[in-house]
Amino acid sequence: MSYYTKLDDNIIICEVCPRRCHLRKGQSGFCHIRVNTGDMIELPSYGHITGLAIDPIEKKPLFHFLPSSKTLSFGTYGCNMGCKFCQNFSITKTKDSPFNLPFFEPHNVVEQALLHKCNSIAFTYNDPIVFFEYALDVAKIAKSAGLKTIAVSAGYVLSKVRKDFFSYIDAVNIDLKAFSQNFYKKNCAADIDIVLDTLKYIKKDTRCWLEITTLLIEGENDSPDEISSMCDWIVKNLGENVPLHFSAFHPAYKFLNIPATSFQTLNNAYELAKKKGVNYVYLGNVRDTKTSSTYCKNCGSLLIERDWFSVTKYNLDDFGRCNICKTPCDGFFI
Ligand code: SF4
């Protein structure tokens, strides 16, 4: 299966993401990681990773998928988004040679996960769409070893890669940067419609567990109108049971003059999303037990209490239902 098209004049078009970079021999794309090596678009830095860590799954964040289990997180470098506020820009925008980074064969990653008794492997830190061949090779071995696979992505991907990639992923957190085309164009050099289409695809055409994260940036994407429209769209197109995380921005990369998001701003979004009918809403990058805990959508009982990334109370029965009213909590708990 190839994910590129050759043109007559020695240019190859990468068809992994909507940028469709036209690359001459030796050129790398917008993402810095995919390269025209002469006859095809390849990932010359395949296997070179920027980080590998054992994390609580809550850190991805995934709150409704195997709570309090351990995941082996890893990532490479580069990204196909152009976010001016990137919180991971040291790896997504680096120009350093990837060949100085540690090398892990796919089976080495899986061995690390098993060694550290992780239940899953998470493709994270940078968007796995740009290194999806490597991620898929890891995912295939992980699955045969009984591990789950997780992706943290902006969902900016073309349909062929999307189909092939998400068929090997068990749970995903999609970063919905805002709910405005203007924000996506101005601050991410991207098109929101592609991301919304990916969200609908994951929900309707895959078996992946889906959660969404929006990094709230004051004055940029936090207006009540925008949050309200986002929630309406989510409820209408994905249903009311997709967990929605609002996360605090910290000044980074090209957004150094915008202050860190206040708790009040986050909490306003939390209250509004609840009012709009989203059943599971969370705040991230702040320590607040109330807004990082899960409540029964039927009776309102506390189901899972969290303190940062730790689960401190667990009130689901063996079937993943509320201990009080027996309503199932959406997600994978067993
Ligand atoms: S994956 Fe990279 S090289 Fe391919 S189209 Fe997207 S930005 Fe360009």
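Modeller: A crossover is right-handed if, with the strands pointing away from the viewer, the path from the first strand over the helix to the second runs clockwise. Helices (H or I, at least four residues) and strands (E, at least two) are DSSP runs, numbered from the N terminus. The model is predicted: local features need pLDDT of at least 70, side-chain atom pairs count only at pLDDT 80 or more, and totals for chains, interfaces and linings use all residues. Residues are numbered from 1 along each chain as its sequence is written.

Colleague: Which helix makes a right-handed β-α-β unit with β9 and β10?

Modeller: Strand β9 covers residues 148-153, and β10 covers residues 171-175. These strands run parallel and are joined by 4 bridges; two strands pair if DSSP finds at least two bridges between them. The helix that completes the right-handed unit with them, at residues 159-166, is α4.

Colleague: Which helix makes a right-handed unit with β8 and β9?

Modeller: Strand β8 (residues 120-123) is parallel to β9, with 4 bridges between them. One bridge pairs Phe123 with Ala151 of β9. The helix of this right-handed β-α-β unit spans residues 132-144 and is α3.

Colleague: Which residue in β10 is the bridge partner of Ser153?

Modeller: Strands of a sheet pair through backbone hydrogen bonds, either parallel or antiparallel. Here β9 and β10 run parallel. In β10, Ser153 has as its bridge partner Ile174.

Colleague: How many residues of strand β9 are buried?

Modeller: A residue is buried if 20 or more other C-beta atoms lie within 10 Å of its own, exposed if 12 or fewer, and partly exposed in between, with C-beta atoms placed from the backbone. In a regular strand the side chains alternate between the two faces of the sheet. In β9, Lys148, Ile150 and Val152 point one way, Thr149, Ala151 and Ser153 point the other way, and all are buried. Strand β9 is therefore largely enclosed by the rest of the structure, the count of buried residues being 6 of the 6.

Colleague: How does Lys163 count, buried or partly exposed?

Modeller: Lys163 belongs to helix α4. In space it lies 26 Å from Leu215, C-alpha to C-alpha, and in sequence the two are 52 residues apart. Because Lys163 has 13 C-beta neighbours inside 10 Å, it counts as partly exposed.

Colleague: Why is the chain called as compact as a globular protein of its length?

Modeller: The chain has 8 helices and 16 strands. The radius of gyration is taken over C-alpha atoms, and the globule rule is 2.2 Å times the number of residues to the power 0.38. The rule gives 20 Å for 334 residues, and the chain is therefore as compact as a globular protein of that length, since its own radius of gyration is 20 Å.

Colleague: What percentage of contacts between residues at least 6 apart in sequence join residues at least 24 apart?

Modeller: Two residues are in contact if their C-beta atoms, placed from the backbone, lie within 7 Å. Among contacts in the chain between residues at least 6 apart, those joining residues at least 24 apart make up 66%.

Colleague: Which strands are the edge strands of the sheet β14-β15-β16?

Modeller: This open sheet has 3 strands, and its pairing is antiparallel. Strand β15 (residues 302-307) pairs with β16 over 4 bridges, and Ile304 stands opposite Tyr314 of β16. Pairing on one side only are the edge strands β14 (294-295) and β16 (310-314).

Colleague: Which residue is joined to Lys60 by a cis peptide bond?

Modeller: The residue sits in the loop between β6 (51-56) and β7 (70-75). The omega angle of the bond is about -5 degrees, and the residue joined to Lys60 is Pro61.

Colleague: What is the phi of Asn285?

Modeller: Asn285 lies in the loop between β13 (281-284) and β14. With 17 C-beta neighbours inside 10 Å, Asn285 is partly exposed. Although Asn285 is not a glycine, its phi is positive, at about 65 degrees.

Colleague: How many charged residues are in the shell around the ligand?

Modeller: A residue is near a molecule or strand if its C-beta atom, placed from the backbone, lies within 6 Å of it. Around the ligand are residues including Cys14, Cys17, Arg19, Arg20 and Arg34. Ala, Val, Leu, Ile, Met, Phe, Trp, Tyr, Cys and Pro count as nonpolar, Asp, Glu, Lys and Arg as charged, and the others, Gly among them, as polar. By class, the shell holds 7 nonpolar and 2 polar residues, and its charged residues number 3.
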